[in-house]
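Got the viewer open? Let's walk through this one stop by stop, selecting as we go.

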Amino acid sequence: MTAPVKHCMTWLRAYFCEPRTTGKLPLPAFHHPIFQQATFTCKVLRTLLNDVEFGEMASYKQLATLAGNSKAARAVGGAMRSNPVPIIVPCHRVICSNGQIGNYMGGRGNHLKQWLLTHEKLLKESRETSW
């Protein structure tokens with residue numbers, strides 16, 4: 001197994017089993033071409049990664065505004081569909097403006113998106129009460 005794959009496995013294990021430690025771990029390297037291009041998709045994915053924290057959610061419109069184009073909510077949806085590393089770049093944290101969770105994995109993974117949001121919310125709440 002290569003070092004990048006081991007690094008990614010370590011990060012994912014921490015996310016699911018010891019989420020309090022993920023903030024201390026460096027993110028796996030992103031070698032996918034989408035992260036090497038100066039595109040709005042790349043900017044959206046990096047903005048999501050850096051600005052929407054564990055246990056938080058942002059609407060497509062909010063993320064579009066954070067990425068510099070408040071009128072590009074649909075383009076944000078396209079960026080989420082293009083995300084080559086879901087969970088690490090947490091596209092499950094992006095929801096509709098009306099509060100509905102929206103689609104995940106083309107609608108086939110909506111149950112997974114709900115689980116991930118619940119997982120993060122419960123852990124965030126337990127962090128806040130344990131301080």
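## A tour, starting at a pocket

Start with the lining of the second largest pocket: by class, it has seven nonpolar, five polar and two charged residues. Before you zoom in, bear in mind that you're looking at a predicted model. The pocket's volume comes out at about 320 Å³. To find its centre, select Met 80, Arg 81, Asn 103, Tyr 104 and Met 105, which lie nearest to that point among the 14 lining residues. Which element gives the most to this lining? Colour residues 73–82 and you have it: helix 4 contributes three residues.

**Stop 2: confidence colouring.** Switch to pLDDT colours for a moment. The protein has a mean of 89, and 94% of its residues reach 70 or more. Helix 3 is where confidence is highest, with a mean of 97, while helix 5 (residues 110–130) is where it is lowest, with a mean of 80. Where pLDDT is low, the predicted coordinates should not be read in detail.

**Stop 3: helix 4 and its cover.** Go back to helix 4 and show the side chains. Val 76, Gly 77, Gly 78, Ala 79 and Met 80 are buried here. Met 80 is also one of the residues nearest the pocket centre. Now bring up what covers these buried residues: helix 2, helix 3 and strand 2 are among the elements doing so.

**Stop 4: helix 2.** Select residues 40–51. A quick ruler check works nicely here: twelve residues at 1.5 Å a residue should span 16 Å, and the end C-alpha atoms are 16 Å apart, so the two agree. Which residues of helix 2 are buried? Pick out Thr 41, Cys 42, Val 44, Leu 45, Thr 47, Leu 48 and Leu 49. Their packing partners are helix 3 (60–66), helix 4 and strand 2 (94–95).

**Stop 5: Leu 66.** Hop over to helix 3 and select Leu 66. Is Leu 66 buried or partly exposed? Its relative accessibility is 46%, so it counts as partly exposed. Setting aside neighbours within four places in sequence, Leu 66 is in contact with Thr 47 and Asp 51. For another distance, draw a line from Leu 66 to Leu 49: they are 17 residues apart along the chain, and their C-alpha atoms are separated by 12 Å.

**Stop 6: Ser 70.** Move on into the loop between helix 3 and helix 4, where Ser 70 is found. With 36% relative accessibility, Ser 70 counts as partly exposed. Which residues does Ser 70 contact, leaving aside those within four places in sequence? Show Lys 61, Ala 64 and Thr 65. Tyr 60 is worth a distance label too: Ser 70 and Tyr 60 are ten residues apart in sequence and 9.4 Å apart in space, C-alpha to C-alpha.

**Stop 7: two positive phi values.** If you have a Ramachandran panel, open it now. Ile 87 has phi near 80°, a positive value in a residue other than glycine. You'll find Ile 87 in the loop between helix 4 and strand 2. Its relative accessibility is 14%, under the 20% cut-off, so Ile 87 counts as buried. Next, click Met 105, which isn't a glycine either but has a positive phi of about 55°. Met 105 sits in the loop between strand 2 and helix 5, and with a relative accessible area of 44% it is partly exposed. You've met Met 105 before, as one of the residues nearest the centre of the second largest pocket.

**Stop 8: back towards the start of the chain.** Select residues 3–17, which make up helix 1, and pick Lys 6 from it. Lys 6 has a relative accessible area of 46%, so it is partly exposed. Add Pro 28: it is 22 residues from Lys 6 along the chain, and the two C-alpha atoms are separated by 9.3 Å.

**Last stop: Thr 22.** Finish in the loop between helix 1 and helix 2, where Thr 22 lies. Thr 22 is buried, with a relative accessible area of 12%. What does Thr 22 touch, not counting residues up to four places away in sequence? Light up Trp 11, Ala 14 and Tyr 15. Thr 22 and Trp 11 are eleven residues apart in sequence and 6.6 Å apart in space, C-alpha to C-alpha.

Conventions. Residues are numbered from 1 along each chain as its sequence is written. Side-chain values use heavy atoms; hydrogens and water are left out. On a 1 Å grid over the protein atoms alone, a cavity is a set of points where a 1.4 Å probe fits but cannot get out, and a pocket is an open set with protein on both sides within 12 Å along at least five of seven lines; lining residues have an atom within 4 Å of a point. Grid points are joined across faces, edges and corners, and a volume is the space filled by probe spheres set on the points. Helices (H or I, at least four residues) and strands (E, at least two) are DSSP runs, numbered from the N terminus. Ala, Val, Leu, Ile, Met, Phe, Trp, Tyr, Cys and Pro count as nonpolar, Asp, Glu, Lys and Arg as charged, and the others, Gly among them, as polar. The expected span of a helix is 1.5 Å times one less than its number of residues. Buried means under 20% relative accessible area, exposed over 50%, partly exposed in between (1.4 Å probe, protein chains only). Contact means heavy atoms within 4.5 Å. pLDDT is the predictor's confidence in each residue, from 0 to 100.
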